[in-house]
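This report looks at the aromatic contacts, the internal spaces and a few selected residues of one protein chain. Please keep the sequence and the model in view while reading.

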Amino acid sequence: MDFAWSDEQLAFREVVIRFAQRELGDDLADRERDSSLSTEAWRKCAEFGIQGLPVPAEYGGGGADTLTVILAMEALGYGCSDNGLLFSLNAQMWACQDPIIRFGTDEQKHRYLPGLCDGSLIAAHGMTEPESGSDAFSLRTTAVATDDHYTLNGSKIFVTNGPVADLFVVFATTDRSRGFAGLCGFLVEKDTPGFTLGTPLHKMGLRTSPMCELFFDDCVVPAGNLLGKRGGGMAVFSASMKRERSLILASTIGSMERNVERCIEYARGRKQFGTSIAAFQAVSHRIVDMKLRLETARLLLYRLGWLMDQNRPTDLESAMAKVHLSESFVQSSLDALQIHGGYGYMTEYGLERDVRDAIGSRIYSGTSEIQKNIVARAMGL
C-alpha cells in the first residue's frame with residue numbers, strides 16, 4: 001500500500017492552499033454576523049475548479065478521482081477559515097451534483113452540471129422535514145403523478161444553500177403506504193410555480209452557510225425533472241448520502257492541521273510562571289492528543305477514498321470516518337480554545353467559531369449516533 005502523494009498531487013495541494021489563503025478570507029467576521037454566504041468566494045472557487053472537481057469533463061468538470069478531491073478539500077480547509085463556505089460547497093457537491101451525475105438523464109446532466117461547475121448555478125438538497133430527521137424515509141411531502149408532470153405538496157426544513165439556490169434536489173413520496181418504494185427524487189428550479197422559500201434560519205455555527213425551509217403548494221414539476229426511476233428515490237438518496245458522509249468532512253482535516261500548528265506556535269511563545277507553556281504537560285499533552293486525532297482521522301479518510309476509487313463497498317468505512325472526523329473536529333477545536341485560554345474565548349481569534357462550527361458535524365449528514373448504529377450492525381451487534 002502506497003501512502004505517498006505524487007509530486008504533482010503535492011504541488012496541487014500547495015496551489016489550493018495558496019488560492020484559499022489569498023482569495024477566501026475576506027470579511028469573514030462581518031459575514032458571520034450577517035449570516036451571509038460570500039457569492040464572490042463561491043464564484044472564485046468555481047473559477048478555480050473546486051465545484052467541478054468530481055464532475056466528468058464532458059459536463060464541464062475536472063473528472064478528478066476521489067483521493068484527489070479529498071486532497072483538494074483538505075487543502076481548502078487548511079487555507080480557508082470560512083467553514084460555512086466549505087460546508088455549502090460540500091453540500092452542493094455531494095448531495096446535489098453527485099446524484100445528478102449518478103442518476104440524472106443525459107439531458108439533465110447537460111442542463112445543470114455545467115452551471116453548477118462554473119458557479120452560475122447554486123444547488124440545495126431537500127429531504128429533512130419538521131417531523132422526519134434521522135428517520136428520513138418517514139417524510140410527508142407528496143408527489144401526485146399525471147401524464148406529463150408531478151404535483152408536489154409539503155415542506156422541507158434545514159435546507160443548506162436554500163436562500164441562494166437556483167436548483168433543488170427534492171424528495172417526495174407518490175404513495176406513503178409503500179414506504180421507501182414510493183419515494184421519488186425531483187429537480188425543482190427556484191421559479192417553479194407553487195414553490196416558495198421560508199425565511200432564513202439562523203444557526204449556532206456555520207453561519208456563513210445560509211439555510212431555510214422550503215414549501216410546496218400544488219407545485220407542478222415536469223415529469224422530465226424526475227431524478228432516477230419512479231419509486232427509485234431511496235437509491236438516489238442513499239447513494240448521495242453515503243458519498244456525502246464520506247467526504248463532507250475532508251476539509252476538517254485541513255482545519256485541524258492548521259489548529260495544531262497554531263497551538264504549537266502559541267504554546268512556544270506564551271510564557272507563564274517564567275517559562276513557555278509548551279513545557280507544561282497539561283498543554284503539551286493536549287496538543288499531542290490533537291495531533292493523534294488529526295493523523296488517525298486523515299488515515300481513515302485516505303483509506304476510505306482509496307476504497308471508493310477501487311469501487312469497493314464502503315458502508316462501514318464511511319460511517320467510521322464520519323463519526324471519527326466529526327468527534328475529532330469537536331474535541332480538537334475545544335482543545336485549541338482551551339490552550340489559548342481567554343484569548344481563545346474571544347471572537348477576534350476565530351477559535352470559538354471553530355468550536356461552534358464543529359459541533360454541527362455531529363448532526364448533519366447523519367448524526368454520530370446513527371453512524372455508530374451502522375458500525376454496530378456491520379460488526380454483528
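## Three buried polar and charged positions, ring pairs and spaces

Ser328 is found in helix α10, which covers residues 315–345. The model is a predicted one, and in it Ser328 counts as buried, at 3% relative accessibility. When neighbours within four places in sequence are left aside, Ser328 is in contact with Met256 and Arg293. The C-alpha atom of Ser328 is separated by 9.2 Å from that of Thr252, although the two residues stand 76 residues apart along the chain.

Two arginines can be described in a similar way. Arg243 has its place in helix α7, and with a relative accessible area of 13% it is buried, because anything under 20% is counted so. Apart from neighbours within four places in sequence, Arg243 is in contact with Thr66, Trp94, Asp98, Arg102 and Met308. Arg31 lies in helix α2, residues 28–34, and it too has a relative accessible area in the buried range, at 10%. If residues up to four places away in sequence are not counted, Arg31 touches Leu24, Asp26, Ser36, Ser38, Asp82 and Thr208.

### Aromatic rings

How many aromatic pairs does the model hold? The count comes to 8 aromatic pairs. One of them is formed by Trp5 and Tyr302, whose rings are edge-to-face, with 5.2 Å from centre to centre and 85° between the planes. Trp5 lies in the segment before α1 (7–23), whereas Tyr302 belongs to helix α9 (residues 281–309), so this pair ties together parts that are 297 residues apart in sequence. Tyr302 counts as buried, at 16% relative accessibility.

The rings of Phe171 and Phe237 have centres 5.6 Å apart and planes at 80°, and since planes over 60 degrees apart count as edge-to-face, this pair is placed in that class. Phe171 lies in strand β4 (residues 167–173) and Phe237 in helix α7 (residues 233–247), so the pair ties together parts that are 66 residues apart in sequence. Both Phe171 and Phe237 are buried. Helix α7 therefore carries Phe237 as well as Arg243, described above.

Elsewhere, ring pairs link Phe168, Phe195 and Phe216 into a cluster. A charge also meets a ring: the charged end of Arg13 sits over the ring of Tyr78, at 5.8 Å from the centre of that ring.

### Cavity and pockets

What volume does the largest cavity have? The volume is about 90 Å³, and the count of cavities of 30 Å³ or more comes to 1. The largest cavity is lined by Asn83, Leu86, Phe87, Leu206, Ile248, Leu249, Ser251, Thr252, Phe329, Asp357 and Tyr364. The elements that give two or more residues to this lining are α5 (83–103) and α8 (250–269), and α5 provides the largest share, 3 residues. Thr252, one of the lining residues, is the residue whose C-alpha distance to Ser328 was given above.

The largest pocket is lined by 44 residues, of which Thr128, Ile363, Tyr364, Ser365 and Gly366 lie nearest its centre. Two or more residues of this lining come from each of α5, β1 (123–126), β3 (149–160), α7, α11 (351–359) and α12 (368–378). Tyr364 is thus named both among the residues that line the largest cavity and among those nearest the centre of the largest pocket.

The second largest pocket has 11 lining residues, and the closest to its centre are Asp2, Phe3, Leu67, Tyr302 and Trp306. Tyr302 is the partner of Trp5 in the edge-to-face pair.

The table sets the three spaces side by side.

| Space | Volume | Largest share of the lining | Lining by class |
|---|---|---|---|
| Largest cavity | about 90 Å³ | α5, 3 residues | 7 nonpolar, 3 polar, 1 charged residues |
| Largest pocket | about 1,300 Å³ | α7, 6 residues | 21 nonpolar, 15 polar, 8 charged residues |
| Second largest pocket | about 340 Å³ | α9, 4 residues | 8 nonpolar, 1 polar, 2 charged residues |

Key. Residues numbered from 1 in each chain as written. Predicted model: local features only at pLDDT ≥ 70, side-chain atom pairs only at ≥ 80, totals over all residues. Heavy atoms only, no water. Phe/Tyr/Trp six-rings, centres within 6.5 Å; stacked < 30°, edge-to-face > 60°. Buried < 20%, exposed > 50% of the residue type's maximum accessible area, 1.4 Å probe, protein only. Lys NZ or Arg CZ within 6 Å of the ring centre and 35° of its normal. 1 Å grid on protein atoms, 1.4 Å probe; cavity = no way out; pocket = protein on both sides within 12 Å on 5 of 7 lines; lining within 4 Å. Points joined across faces, edges and corners; volume = space filled by probe spheres on them. Nonpolar A, V, L, I, M, F, W, Y, C, P; charged D, E, K, R; others polar. Contact = heavy atoms within 4.5 Å.
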